[in-house]
Structures are given as C-alpha cells and as structure tokens.
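Thanks for coming. I will go through one protein chain today, starting with a term and then moving from the overall picture to a few residues.

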Amino acid sequence: MTTDPVLAIETVALGKQAKAVSLDLFPGDAYAVMGQAGSGRRAFVEAITGGSKPTGGSLSIRGAFAGPRVKDYSRRHTPLVIAKSLNKHGSSARLTQVLDALGLWEHRQDSIASFEPEMVAACDLLEVLVPQADLCLIDGQLDCLDPWARKSTLSLIDDWRKAGAAFVVSTNLTTVASALGSLIVFQGFSPVYAGSVPDLLRNVAPTELIIESDDPSSIGSMLEPFALFVKQVEGGLLVHSDKGQELAAQLLTRGYGRVKSIVIREPNLAEALAQIV
C-alpha cells in the first residue's frame with residue numbers, strides 16, 4: 001500500500017478572512033465533514049470535487065476519485081443497470097455486496113423513478129461504492145438512508161477502507177462521524193477542529209466518574225494527581241478526568257475494598273460539538 005496521501009490539502013482557505021486548513025488523507029483514512037448550515041462545509045466539499053476553487057491554498061487528489069451521482073434518473077434506470085455500468089471491469093461479487101449493503105438487492109430490477117427518497121439516496125451512492133476508487137466522497141447521502149441501510153453501508157465503508165480507499169463524508173449525524181473516527185468541523189468558513197473523535201472528546205469534555213466508597217477521603221487523595229476535579233458527594237465522590245477509563249481501572253486494582261462501585265459517564269460527540277461550535 002502506498003504511503004503517499006490520496007488527498008493533500010495545503011493551507012486551503014475558503015474565504016478571505018477564513019483560517020486555512022492543511023490535511024493529508026492516506027489510504028484507509030476517513031473524515032466526517034461537519035458544521036452548521038452556512039459554515040463552509042459546502043464550500044469545502046465543492047473544493048474537493050472541483051466545483052469551486054478555494055480562496056487560497058491548493059488541493060490535489062492522487063488516484064481515482066468517486067463521488068455521488070448528480071444526474072437525474074430516467075424510468076429505464078434500475079439499481080442493477082446503474083451498478084453494472086459502473087462495474088465493467090470489476091467482480092460480480094463486489095456489485096452484489098454493494099447492492100445488498102445499500103438495501104437495494106431486492107429492488108435491483110425496479111425503476112429508480114418509483115423509489116422513495118431514502119432508496120434514491122442509496123442509488124446515488126452506487127457511483128461511490130461500486131468503482132474501486134482511491135478517494136470516495138459522500139455528500140449527505142448517508143444521512144438520508146434508513147437506519148438499517150446506513151448501518152450496513154458504514155460496515156461496507158469500513159471494508160473498503162481496509163482495502164485502501166479513503167473517504168470524505170459530509171454529514172450532520174454524530175453516529176456517522178463516530179463510526180468514521182475522524183472529523184473536520186467548520187464555523188464561519190474556518191476549521192475549528194480537525195482530528196480524531198477520541199482526541200476531541202478528551203480535549204473538550206472530560207469523563208465523569210461517580211465513585212461509591214466508604215472511605216472517600218482516602219480515595220480522593222489517591223485521585224488528585226490524575227483528576228481535573230474531585231468533589232465529595234453523598235456516598236462517595238464525583239470526579240472529572242480526561243483519562244476516565246484508565247483511572248477507573250486503577251481504582252479497581254488499587255482501591256481494594258474502599259471502592260464499592262464506579263459509574264462512568266463518557267462525553268458524547270454531540271456535547272463536544274456544542275462546545276466548539
């Protein structure tokens with residue numbers, strides 16, 4: 001597998017007063033693109049597709065690129081017809097796998113013109129998932145799928161990533177971003193975060209632990225070097241830490257009989273995004 005990036009973004013700015021972003025996507029990488037309406041997310045996607053040029057910087061794609069369908073479907077178009085047209089040199093197994101993941105296999109010979117919006121969105125993704133592209137762009141279509149098709153499609157994306165494809169996915173769903181593992185968030189046409197989901201959660205919102213103990217003073221002394229916040233409450237301690245899981249493991253091994261129970265509440269992505277946007 002090549003060590004060169006399939007997408008190289010060098011100090012790209014989306015507006016005259018906007019901050020620039022530099023980012024390399026390598027084979028197997030996947031980034032969710034998030035932000036409120038009008039945040040610059042659309043401009044970033046169009047810069048990748050070539051639909052518009054950024055105000056500054058450069059963007060280059062290495063290898064084959066695949067994006068969702070933008071043309072209308074005629075009454076003669078069926079999922080199987082579209083998939084076969086995109087799979088001229090590929091295996092029939094890949095075609096079947098994609099149709100099945102998108103929830104289209106049972107309707108593969110039906111006219112797309114009669115489909116519900118969720119199924120049309122799935123058909124749009126055939127042009128992304130059937131070809132063996134190096135860089136794949138999804139522009140909101142995952143949000144439109146029904147929950148069952150979304151789950152199986154995310155699983156398929158994971159398979160294609162293991163095979164070396166990189167993904168950029170514009171989405172409003174934190175579940176999608178969490179599944180991809182990395183994200184870039186825009187506000188005012190500037191990036192406010194670019195990196196992994198776990199790093200964002202650790203840096204923005206600490207883990208909360210509620211520790212039940214019959215000796216909170218001793219446990220509190222043990223926690224102080226590792227915790228951001230320790231407060232004694234009825235029956236135990238309330239603790240904030242950026243290493244909640246590690247801290248809980250230490251308490252269970254070192255706390256002996258003084259620790260009766262530990263309840264861990266980890267921050268979620270929606271809470272973290274609310275703090276940076």
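A word on terms before anything else: helices here are DSSP runs of H or I with at least four residues, strands are runs of E with at least two, and both are numbered from the N terminus. With that in hand, glycine 50 comes just after helix 1 and takes a positive phi of about 90 degrees. Please keep in mind that this is a predicted model.

Now the overall picture. The protein chain has 12 helices and 13 strands. Its C-alpha trace spans about 75 × 45 × 35 Å along the principal axes. Of the 277 residues in the protein chain, 45% are buried. If we take contacts between residues at least 6 apart in sequence, 68% of them join residues at least 24 apart. The protein chain exposes about 14,100 Å², and carbon and sulfur atoms supply 49% of that area. As for charge, there are 25 positive and 30 negative charges, and their mean positions are 6 Å apart.

Next, strand 3. How many of the residues of strand 3 are buried? The count is 6 of 6. In a regular strand the side chains alternate between the two faces of the sheet. In strand 3 both faces are covered: Ala30, Ala32 and Met34 are buried on one side, and Tyr31, Val33 and Gly35 are buried on the other.

Strand 3 has two partners to mention. With strand 7, residues 166-170, strand 3 pairs in the parallel sense over 4 bridges. Within that pairing, valine 33 has serine 170 as its bridge partner. Strand 3 also runs parallel to strand 8, residues 182-187, and 4 bridges join them. There, alanine 32 stands opposite leucine 183.

Following the chain out of strand 3, we come to serine 39, in the loop between strand 3 (30-35) and helix 1 (41-49). Why does serine 39 count as buried? Because its relative accessibility is 4%, and the cut-off for buried is under 20%. The side chain of serine 39 reaches the backbone oxygen of glutamine 36 at 2.7 Å. Leaving out residues up to four places away in sequence, serine 39 touches Phe186, Gln187, Gly188, Phe189 and Ser190.

Helix 1 follows. An α-helix has 3.6 residues a turn, so residues three or four places apart point the same way. The buried residues of helix 1 are Arg41, Ala43, Phe44, Val45, Ala47 and Ile48.

Another serine is worth a look. Serine 111 lies in the loop between helix 3 (92-101) and helix 4 (117-124). What does serine 111 contact, leaving aside neighbours within four places in sequence? The residues are Ser74, Arg75, His77 and Thr78. With one of these, arginine 75, there is a side-chain link: the side chain of serine 111 reaches the backbone oxygen of arginine 75 at 3.0 Å. To place this serine against another part of the chain, serine 111 and serine 182 are 71 residues apart in sequence and 36 Å apart in space, C-alpha to C-alpha.

Last, glutamine 141, which is in helix 6, residues 141-144. Is glutamine 141 buried or exposed? Glutamine 141 is buried, because its relative accessible area is 11%. Apart from neighbours within four places in sequence, glutamine 141 is in contact with Pro68, Ala121, Asp124 and Leu125.

That is what I have; I will take questions now.

Key: Residues numbered from 1 in each chain as written. Predicted model: local features only at pLDDT ≥ 70, side-chain atom pairs only at ≥ 80, totals over all residues. Heavy atoms only, no water. Buried < 20%, exposed > 50% of the residue type's maximum accessible area, 1.4 Å probe, protein only. Contact = heavy atoms within 4.5 Å. Areas by Shrake-Rupley, 256 points an atom, 1.4 Å probe, with all protein chains shown as cover. Lys, Arg positive; Asp, Glu negative; His and termini not counted. Charge placed at Lys NZ, Arg CZ, Asp CG, Glu CD. Polar contact = N/O pair within 3.5 Å; in protein donor to acceptor, adjacent residues only side chain to side chain. Pairing = 2+ DSSP bridges.
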